[in-house]
Amino acid sequence: MFQNQSQFPRSLFSGIVLLACGLSTTGCGNGDPFQRQPIQGSAKFEGKPIQFGTVRFEPAGNEPTGTTASIRDGSFRIERSSGVGPGKYNVYVQAFDKMDAGPPGAFPGEEGTPPQNILPEKFLNEAVIQVTVSKVTDDKPNEVALELK
């Protein structure tokens, strides 16, 4: 099949190198199919910053993705790589009385009491707000202010 046995490995190696060079210049898949966008914001309950919690963006229509982020000291940030595509989203919030259940490395049963939800029960199943996420730049992310009462 090959005139010279060393010809096969060299041609295979050349093909792999060309494929790798082509992918590095054109990209794999030509970008993010969801067109994810960065989001940042604040979260308050009864006028006070939520110290520990989560914020969740769920599609309100046909948007393909949702995302969740941690709230710390009343603010959150979702980087583009973890963001959602442009569209409408229902936003859900949880707030806790503490960040974790115990010291690092604690054995099961030694953690202490788990964090407790400090928001009224209605916030467990109801969206706090519906927001529209737009196409933005990384230095000017979508801004969301969550004021829970």
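This passage describes the fold, the surface and the salt bridges of a predicted model.

The protein comprises 2 helices and 8 strands, and these elements follow the order α-β-β-β-β-β-β-α-β-β when read along the sequence. Among contacts with a separation of 6 or more, 68% are made by residues that stand 24 or more positions apart. Of the 149 residues, 26% count as buried, while the exposed surface of the protein amounts to about 9900 Å², of which 55% is supplied by carbon and sulfur atoms.

Side chains of opposite charge can pair when their charged atoms come close. A search of the whole structure returns 4 salt bridges, including one between D138 and R80, whose closest N and O atoms are 2.7 Å apart. Because D138 is placed in the loop between β7 (129-133) and β8 (142-148), and R80 in the loop between β5 (75-78) and β6 (87-96), this pair ties together parts that are 58 residues apart in sequence. Both partners are partly exposed, D138 with a relative accessible area of 45% and R80 with a relative accessible area of 28%.

A further salt bridge joins the side chains of R56 and E58, with an N to O distance of 2.6 Å; R56 is partly exposed at a relative accessible area of 30%, and E58 is likewise partly exposed, its relative accessible area being 30%. D32 also forms a salt bridge, in this case with R36, where 3.6 Å separates the closest N and O atoms, a distance that falls within the 4 Å cut-off applied to such pairs. For D32, the relative accessible area of 32% corresponds to a partly exposed residue.

Methods
Residues are numbered from 1 along each chain as its sequence is written. This is a predicted model: local features need pLDDT of at least 70, side-chain atom pairs count only at pLDDT 80 or more; totals for chains, interfaces and linings use all residues. Side-chain values use heavy atoms; hydrogens and water are left out. Helices (H or I, at least four residues) and strands (E, at least two) are DSSP runs, numbered from the N terminus. Buried means under 20% relative accessible area, exposed over 50%, partly exposed in between (1.4 Å probe, protein chains only). Contact means heavy atoms within 4.5 Å. Accessible areas come from the Shrake-Rupley method with a 1.4 Å probe; for residues, only the protein chains shown count as cover.
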